[in-house]
Every structure is written in structure tokens, then in C-alpha cells.
Amino acid sequence: MATKNVQLPEIGEGVTEGELVNWLVKVGDKIEPDQAIAELMTDKATVEVPSPIGGVVKELKFKEGDVITVGSVVIVVDADGAAAAAPAPTPAKSAAHTPAPQPAPAAFAKPAPALTPKPAATTVATTVAMSGGTDVYPPPASSRVLATPATRRLAREMGVDVNSMNGTGMAGRVTREDVLGARGAGAVSGGPATYQAPSIPRPGFVGQGGAMEERVQLKGIRKKIAENLQMAKHIIPHFTLMDEANVTALVAMREELKAAGEKAGVKVTYMPFVFKALIATVREFPMFNASIDDAANEIVYKKYFNVGFAADTPNGLLVPVVKNADQKSILQVAKEITELATKARDGKLALDEMKNATFTVTNIGSVGGTYATPVINHPEVAIFGMYKIQDKPVLKDGKIEFTKTMNFTVTADHRLIDGAVAARFLKAFIHRIENPGVLMLDMM
Amino acid sequence: MAQKFDVVVVGAGPGGYVAAIRCAQLGLSTAVIEREYLGGVCLNVGCIPSKALITAGHFFDKLQHSAPEMGIRLPKGEATIDMAQMQKWKTSVCDRMSGGVEQLLKGNSVAILRGEATFKTAHELNVKSSGGMETVTAKNFIIATGSRPIEIPGFAFDEKFVLSSTGALALSELPKKLVVIGGGYIGLELGSMYAHLGVEVTVVEAGPGVLQGAADPECVQVVARKLKKTGVETLLDAKAKGWKKSGSGVEVTVDVKGKEQTLKADKVIVTVGRKPNSDQANLKGIGLQIDERGFIKTNSQRRTSHSHIFAIGDIACQPMLAHKASHEGVLVAEVIAGKNRAFDAKTVPAVIFVDPEIAAAGMTEDEAKSAGYSELKVGKFPFAANGRAVSLMEAEGFVKIVADAKTDVVLGVHIVGPDASNMISEAALAIEMGARLQDLALTIHPHPTLGETMMEAAEAALGHAIHIIQKPLNQRKEGPSLRANA
């Protein structure tokens, strides 16, 4: 009888000990190599502790609640029991005429002896231990994962590791929607899924019924808007920063240019100025013109500036895009905004005219409200709000002065943009919009 | 001038030709090199010819044993066998299938190079044929060169007296007596086929039972009983020592549990398994890693230690089955075309064409237990209670379903009985889809068919099969309900 001590392995960087939450085995249990034997709570996460060897459990060295340090003996295993539990690999001769009904990789696969962070994995992935070969990501689905072949393939193509998912289907089945959700929510390729999409509840609504309620199908643009906003709110941790700008000079400049615009048949609004001031500021702060590729675990900085703007239409919110706005004059931008807004109202926008914005501006102030907290148009990372212009008395050098003021907000993806960065961004933007002459310096 | 391709596939068996066709479908310039026959062992000296002869044996057996009871009389008494015609027919089946492969390859513009391929370097192949030697290069190679029968000491294959499976399928005269060394699936398929054709067969098996580890033990019991009934003698714990010519036949010396015995026969068939052909084509010479059992080491994409070389089928890993090779062929072709693929099938179903047939998908009860499923639901339904099986006069055997008691998810299905081979695909689908017992039980299976037994076995596992007597439902502990989300 060969008894062997199983020690607590390294549980993670800088983690030296953990509290035993509960045993997953008891004395007398037959365990397989890499089977989880205990749950351990560290200061970082609750992890499952695997036994590197199989056999029959002879002794549990700790009680639940005990603190165990890395390297101490956790259980004692009778390794001879392992031979009885798991027969040795069949020798080639008899194996050769054995059409073993089991997954083929088992021929030389062994379960990855990995510590499993708690909510993530329900099973241990089977990976092929092979020197010289390239590792395959995601690892092949373990035979315990309940997912149809088509779903497994979808997951592989999307870089989602089904082994680490908690399926929402019956009996823990990983559904197609789970996989799609995991991707959208930031499962990354090239590493384990870092974030699991909790399934979004779809509660029903039971009202009083009858003639006092009308039910209309959620469909078309409204449904798309609902889905997009839900996804954006789901994925992006939003935050909004607000400030007020003195736009007296801007108002004067715009009045001047308005007449010139009219001669050219173009209605010059404030929006093109805001676009230009934003583009100039975004050049200084490229993270506002970026996207997060969750699947690749990468930040994508864009060197082009396509500005979307929220358009209120009879069908609902649409976001037409002024492409390469940095390469267009204020007059051109103004003209394009008018055209796109008209098309949006008439429901004539081409799909391409609503695609590939690098950031978005919402001019809710043209309708009302002093401040708003808009929702970012994923996969962008920022949306800028501009609000109505008001006459305000301002105390300056001991005197009350009347100024034109305009409120601005910047709403950003907190994963990428820190609060202080957003504050500096807003400050730089306001400096430009308060001094529209400065925009000349940025002109190309 | 070396010919250049995107992909060169070495071996045109069920792995290689499938890989080549899929490569071509994906727009890759592809060549396949074959030294012997298109379709490989499977179509020419394995699966297909053996099934042809097994069908003939089955038919002959039915004529003799079932027909009279059904009221069918042969005009001149007994049925007889014209072995030459049987071989001719068998060959026509093989030729037709092999010809089909050639057409498919040509139709997909796959270049077919005939000859023996040897790696010159990891990037160049020499192909030696009667027309001389040529060199072929490719961006990617797929090795699909398969396996060959294992020889045992003292029984070198001469294909006259000592036959491999290849020789055993090509006998032009029906022998009177045969000794089969090896009670694995190939030996028993050949042995029971010849027994059906009226040959006296003795199986010599070194282990304590036939089909050891190859199938669910209960399924094997049914076959072992039938072997006895068919007149096949099995010597267990028996080691074949050697042979010598004796008259026009052979005399085989066998050590049975320490006692020496002599068996007289016309021929001896040796079927103790197959080994990968990894000692050929200079695979070791170009540095491919080969494990102790002779398989080329690959990862889950069947990529070898050289990242541009892949290995599939019998040469890559167990189980050595044609359908696994084909699956890998498609997989590797798509990996080469840049798609993310890995071998993640839950089960490679296996079929043994003995009498009655055995077929299995997924885990046996023991396998499920050692995989950590502590509580199982097992349902068995006998073919004797199935109308179609009885009307076929093939009512031996059963369907057994093994499920996880906690979730009712189907873990394994084991069938021994008529047409088990054709029934197992439903089980494989169920396992791949993660089906639960209820999914099988609630699927309407047409009557009267053998397939109904699958539904009934699922019902039996849930405790309420209709066509066998089980304890009343209200006297048993309720399992998870149909909607339980365990």
C-alpha cells in the first residue's frame, strides 16, 4: 500500500494561504488525478484545490474553517487505490483491436491540472499534452460540457471557452445565446474568459389588461434601439462629467458665419463647431476615439474621425455619421449634418450612413434639459452632450456681466478612460469652444 | 522540377481522401499520394469487403435456419455456396466504392499521385512509382498512412496458411476448418462470418474472455452465448505457440492454461490487432514525435511537432476507426484553411459486426463511474419485446442506456442486437446534443421498428417502459421532473 501526501499547491501569485471553505471529498472516496478535493477561500477568490494524484482518500488533514498555508499536507491518498479505480492504459496489442467508445483525444490527453477560480469553471478542460505542438485556444470542450456540436463550433470560432461557462439552459446546458452573450460581454481570445455575461432577465408584464392597456409588438427600429442600448449598458461601465462653457464668442462667430452660410445655401448651426472642437481635442486624447476589442483583449486606437450625431426621428433615435469629419470644412460638415438629419427624419438613411462612427455627439439641448447622462453607442467609448444656450449673469472682476453659456457633458467608458482624463479632456474642449479662434490653429 | 501544392495528403484511406476533398473544396491546391488502393484498407481489405462477406454469411445462415420456419423451402434441399462467385461479388462492391473515391477526387480536382511516399525533408516528399521518382513539395502535409495487422512470433503472414485479415477476406475456396488467433472484434467478425458459411471455427484468445474491453460486458455475454450456439469454439487464456504444415492444412500448437493442445485446420487467421505505420515514410527521420505505441503525437487539431504537418486516422491515435479518421480529415483541412477547429467530439461510436451486432456510443457504466458520475440511471430494453425484432427472427439482445441520475443526461448507449450498427447514430446524436432521457423517451419513434427499443430503454431508465413490467410509478422515489433544472 503506497500512501502519498497531497500538499496545497501554489494557488496564485502572492497568495500564501487560504481558509478551507469545505471539503469536496471524504475519507474513503476514490478520486481521480486533478479532481477537485476542497474549496479554499483566499483574499482574492474562492478556488478549487485539485489533487495531482488519484487514489483512495485516507485522511483529511484539516477541518473546515482552518487556514492552510501553501505547501502543507492537505490529504493523504492511497495511490494503490488509483490503480484499482482507473485501469492502466491498455497495452498496444489489445488496444489495437479495441474500438473504445470514448473521445479519441483521451488516447494521450490528460486533464489540465489547473486551479479553477470559482464561478468560472464547472469542469476541467481536456487539453492534449504534447511537447512541440501549438496549444489550441479555446481548449477542446470537455466531454462533460453540455453544448451541441454546432454551439461548440460557434464558441470556438468566437474564441469563447465553453469549459469555463455556466450554461443557462436545462441541466446547465451552454446555449447558443450563452456563447453569443459571452462574446459580447468580453470573453477574450488567447486567454480564459474574464467576464461572464449574466443572462438578462426577460420578465413579463402583467397589467390590469382590458381596454386601458394597449399592447404593441416590440419590433423594428425600436427593438434594435432596445437591444443596442441594453448591450451598451451591459458592457460599458458609464460615467458622465458635466461643465458649463462661456460661449459668448462662439455665438458671435456663428452669427457672422450664419449669413455667409445662407449665401451658400447652408444652415450653419452650432454643431459643426462642436465637432471641430471635439476632433481637435480628441487628437490630444486618442483614447476617446478608440474601441475595446474584447474578443482579442486589445484596445483599438482609430486614426480616422467619423462623428455620429443623435437624430430624433418619428421612428425613434437614429445616429447618422459624418465620415472623416476632420477632413471637411465647417461649411461642408454643416451641409452634411443637414442632409443626413433630413434623410433620418424621412427614413431614407442608408445603412452605411449610420456605420463606423468613432464617437458620437448628442444635441439634446435643442429640445430641452440642462444636463443629461447619455448612453454610449457601443463599440465607441465616448458620447458628448451639448445643451441649450442660456443667458447667464456671471460675476467677473466684481461686476455682473451677462454671458451666453452652454452646458457640455462627456460620457465615457470607464474601462478605458479614467475620471481625471475625462476632466482634462473636458477642460481642453471647453477652452477651445470658449475661444473659437483657437480652432483656426487646429485647421488643416 | 518538384510539383508544388498547398496541401499534400499521404494516404487515400477514409482519412486521407476525405481530407483531400475538403481541402479542395476550400480552394487549396491538393494532391493525394496512394501506394496501393484508393479508399485504403477500409474500402478494399477492411470494412467494406468484410461487411459484404458478413452479409453473405448472415443471408446463408438465415436461409438454413430461419427460412424453413418461415415456410420457405429451397427446391433442392440445402443452400450451397459458390465461393468464387461470392469473392467476385465482394470485389465488385469494393471496386465500386473505390471507383467512387477516384471520381470524387477527380471531380474536386485533387491530383492523384500513385506511388510510395517518403519524406526527404520536412518540406519535400519523394514519390517512388513504377514510372520513377518524383519530388513533391507543399505548404502543408497530412499524414494519413494508417495501420497494418500485427504479426506475432511464429506466425509470419504468408497469406497461404497464415492469414492476416486481408488474406482472410480473399479466400477463393471455402475452408472446412479455421483457427482464428485473437478474440478481438476483427477475429470474431471473421470467425462468425465463416461459421455462418458452415466452416468449423476455433478462436484462440489469450485473455479470459472475448472482446475484452472492446464493448459493454453484458453485450459481450450475448455474443459469447451466440458464438457457442453457432458452433464457434473459443479457447480462453490460450496462447498460440506455433504452427506447422500438416497434409494440405496446418497444425497449430496452443497453450491453454498451461496445457498444450494441437488444433488441426486448413488455415490459421491471425487477428491480434493493428499497429500504426509510423515506421514508414521516414516519419522519424524528419523529427516527428512518435509515442511508445507508434502513434504520431499530435495536439487537438491533429497538428504534429512540425506545425505544417498534420496526422489523422489510425496513425494519429485511438480509436482506429474509419469514421474517426474521416472526421479528423475534415477537421485538419479546415484548420489548414485557417479556421479554428479542434477535435472535441464527445463520442466516437463503435460498431462490431458480430452476431448479433454490438454498437456503442459514449460511456459504459464503469466508465461513467470512474469519470465521477456517482449515481447512474440505467435502462435496458430487450429486443424480445420488440415486434419488429421478433418478426425478423432476430430477437436476441437489448438496448442499454446509461444516464447521469442527477440530470438525466444520457452518457452512453450500448446495443447488442439486430441492426445495432444502424441504430447507434441516434444515440451518438443524443450524446453530442447533451440529450436527457426524456428527450429520447418523448420523441415519437415509428412503429413497428427496431428503433422503438431506444425510446423504451430511455423510458425504462426513467422507470416506466410500457412493454416490460416495471414497478408502479407511485411506489418509487420520483427522479428529477421533466422541467427540473438540475
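A patch, as the word is used here, is made of residues with over 30% relative accessible area and no salt bridge, with nonpolar side chains joined within 5 Å. Keep that in mind for the first of these close-ups, which show a predicted model.

**View 1. A nonpolar patch on the surface of chain A.** Three residues, A:Leu395, A:Ile400 and A:Phe402, make a nonpolar surface patch of about 410 Å². To find your way, look for A:Leu395 in strand E20, which covers residues 382-396. A:Leu395 counts as exposed because its relative accessibility is 66%, and the cut-off for exposed is over 50%.

**View 2. A leucine in a loop, and its neighbours.** Here we turn to A:Leu416, in the loop that links strand E21 (399-413) to helix H9 (419-434). Is A:Leu416 buried or exposed? With 15% relative accessibility, A:Leu416 counts as buried, since buried means under 20%. Leaving aside residues up to four places away in sequence, A:Leu416 touches A:Met287, A:Ala290, A:Ile292, A:Ile299 and A:Val381. Of these contacts, take a look at A:Val381: this residue lies 35 residues from A:Leu416 along the chain, and their C-alpha atoms are 7.7 Å apart.

**View 3. An open sheet of four strands in chain A.** Follow the strands in the order E1-E8-E6-E3, with antiparallel pairing. Strand E1 (3-7) and strand E3 (30-31) are the edge strands, each pairing on one side only.

**View 4. Strands E6 and E8 side by side.** Strand E6 (residues 55-60) and strand E8 (residues 73-78) run antiparallel and are joined by four bridges. For a handy landmark, pick A:Val56, whose bridge partner in E8 is A:Asp78.

Definitions and conventions. Residues numbered from 1 in each chain as written. Chains lettered and ligands numbered in written order. Predicted model: local features only at pLDDT ≥ 70, side-chain atom pairs only at ≥ 80, totals over all residues. Heavy atoms only, no water. Patch = residues over 30% accessible without salt bridge, like charges linked within 9 Å, V, L, I, M, F, W, Y side chains within 5 Å. Areas by Shrake-Rupley, 256 points an atom, 1.4 Å probe, with all protein chains shown as cover. Salt bridge = Lys/Arg side-chain N within 4 Å of Asp/Glu carboxyl O. Helix = DSSP H or I, 4+ residues; strand = E, 2+ residues; numbered from the N terminus. Buried < 20%, exposed > 50% of the residue type's maximum accessible area, 1.4 Å probe, protein only. Contact = heavy atoms within 4.5 Å. Pairing = 2+ DSSP bridges.
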